[in-house]
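Subject: Structure handover

Hello,

Here is the structure I promised to pass on. Please open it first, then read the notes below.

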Amino acid sequence: MAEKPKPQPRTGGAPVGRRAMLGMLGAGAAGLAAAPYLQRGWEGFLGAASQVDATGLTGLLPNPGGFRYYSVVGSVPHRDETNYELTVGGLVEKPKTYTLDALRAMPQTRVVHDVVCTDGWRVEKTPFEGVKLADVLDDAGVRSPGAAIRFTCFDGAYSESLTLEQARRSDVLVALNMQDKPITHEHGGPVRLYVAPMYFYKSAKWLSGISVTDKVVPGYWEERGYAVDGWLDDADRHSDAA
């Protein structure tokens, strides 16, 4: 009597049942739906941690959203509608002090550009909105021999600079919104500088002072070896187009 052939093992693995497949698809969809909330939670953690990290090590932690969080001091005070002020002085005809509401009442300009850091990360097509720096300077009236702008910040340490020609570009903003929302404290809010054609270190966070000077005064990072003119490689250095 012939021996029955033995069942052969499946080479492709066990088939996935309909219920299991639907469960996998559901889990994947839930993961996609939860991703923005998880991302915001992680970014919130990184932002909060950076405010008490004097070493800057939190800036090395991965962030799938692209942005990194840096502070050059251990803690930065918060400012809002009740206590924020931006002073404009130096070589100007009319020194000014702007509240947050006053800046919001001025004509707003929207600029969409890639944000690029010298550390190598990039966040593409990031919208910023605010008052053109040129409008702020015109409101105060630059007087001779004004040739440059110095920016100071309410963290008490950070500073930046631009030439007057650079500052008058239409893609340089006193920014109030980023990614179509008010700029958060972690991102340098409520008001930060945004210099679209330059590396992001030129876009000083927690902006509190604008002073017209007769020459360029190197900023915080320039004093530590960074280029005074932080142009992006593909920037049109002579264009005024946003």
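Start with R168. Its side chain forms a salt bridge with D138, and the closest N and O atoms are 2.8 Å apart. The two residues sit 30 positions apart in the chain, so this pair links distant parts of it. R168 is in the loop between α4 (164–167) and β7 (172–178). D138 belongs to helix α3 (residues 133–140). R168 is partly exposed, at 33% relative accessible area. D138 is also partly exposed, at 47%.

Keep in mind that this is a predicted model.

**Other salt bridges**

The count comes to 10 salt bridges. One of them joins the side chains of E81 and R104, at 3.1 Å from N to O. This pair also links distant parts of the chain, with the two positions 23 residues apart. E81 lies in the loop between α1 (18–50) and β1 (86–90). R104 lies in helix α2 (residues 100–105). Buried or exposed, or in between: how does E81 count? E81 is partly exposed, with a relative accessibility of 44%. R104 is partly exposed too, at 40%.

R169 and D171 make another salt bridge. Their closest N and O atoms are 2.9 Å apart. Here the burial is easy to read. R169 has 7% relative accessibility, which is under the 20% cut-off, so R169 counts as buried. D171 is at 4%, so D171 is buried as well. There is also a network: salt bridges with shared partners join E81, D101 and R104.

In general, side chains of opposite charge can pair when their charged atoms come close.

**A hairpin**

Next, look at strands β3 (residues 109–116) and β4 (residues 122–132). They run antiparallel, and 7 bridges join them. Together β3 and β4 form a hairpin, with 5 residues between them. Which residue in the turn has a positive phi? That is G120, with a phi of about 110 degrees. To find your way across the pair, use V111, which stands opposite F128 in β4.

**Aromatic rings**

The count comes to 8 aromatic pairs. Y201 and Y226 form one of them. Their ring centres are 4.9 Å apart, and the angle between the planes is 80 degrees. That makes the pair edge-to-face. Y201 and Y226 are 25 residues apart and link distant parts of the chain. Y201 is in the loop between β9 (192–195) and β10 (207–213), while Y226 is in the segment after β10. Y201 is buried, at 11% relative accessibility. Y226 is partly exposed, at 28%.

Y226 also pairs with W221. The ring centres of W221 and Y226 are 5.2 Å apart and the planes meet at 40 degrees, so this pair is tilted. W221 is partly exposed, at 26% relative accessibility. These residues are part of a cluster: ring pairs link Y158, Y201, Y220, W221 and Y226.

**Charges over rings**

Two arginines are worth finding. R224 lies over the face of Y220, at 3.7 Å from the ring centre. Y220 is one of the residues in the ring cluster. R79 lies over the face of F154, at 5.2 Å from the ring centre.

Best wishes

Technical notes. Residues are numbered from 1 along each chain as its sequence is written. This is a predicted model: local features need pLDDT of at least 70, side-chain atom pairs count only at pLDDT 80 or more; totals for chains, interfaces and linings use all residues. Side-chain values use heavy atoms; hydrogens and water are left out. A salt bridge is a side-chain nitrogen of Lys or Arg within 4 Å of a carboxyl oxygen of Asp or Glu. Helices (H or I, at least four residues) and strands (E, at least two) are DSSP runs, numbered from the N terminus. Buried means under 20% relative accessible area, exposed over 50%, partly exposed in between (1.4 Å probe, protein chains only). Two strands pair if DSSP finds at least two bridges between them. Rings of Phe, Tyr and Trp (its six-membered ring) pair if their centres lie within 6.5 Å; planes under 30 degrees apart count as stacked, over 60 as edge-to-face and the rest as tilted. A charge sits over a ring if NZ of Lys or CZ of Arg is within 6 Å of the ring centre and within 35 degrees of the ring normal.
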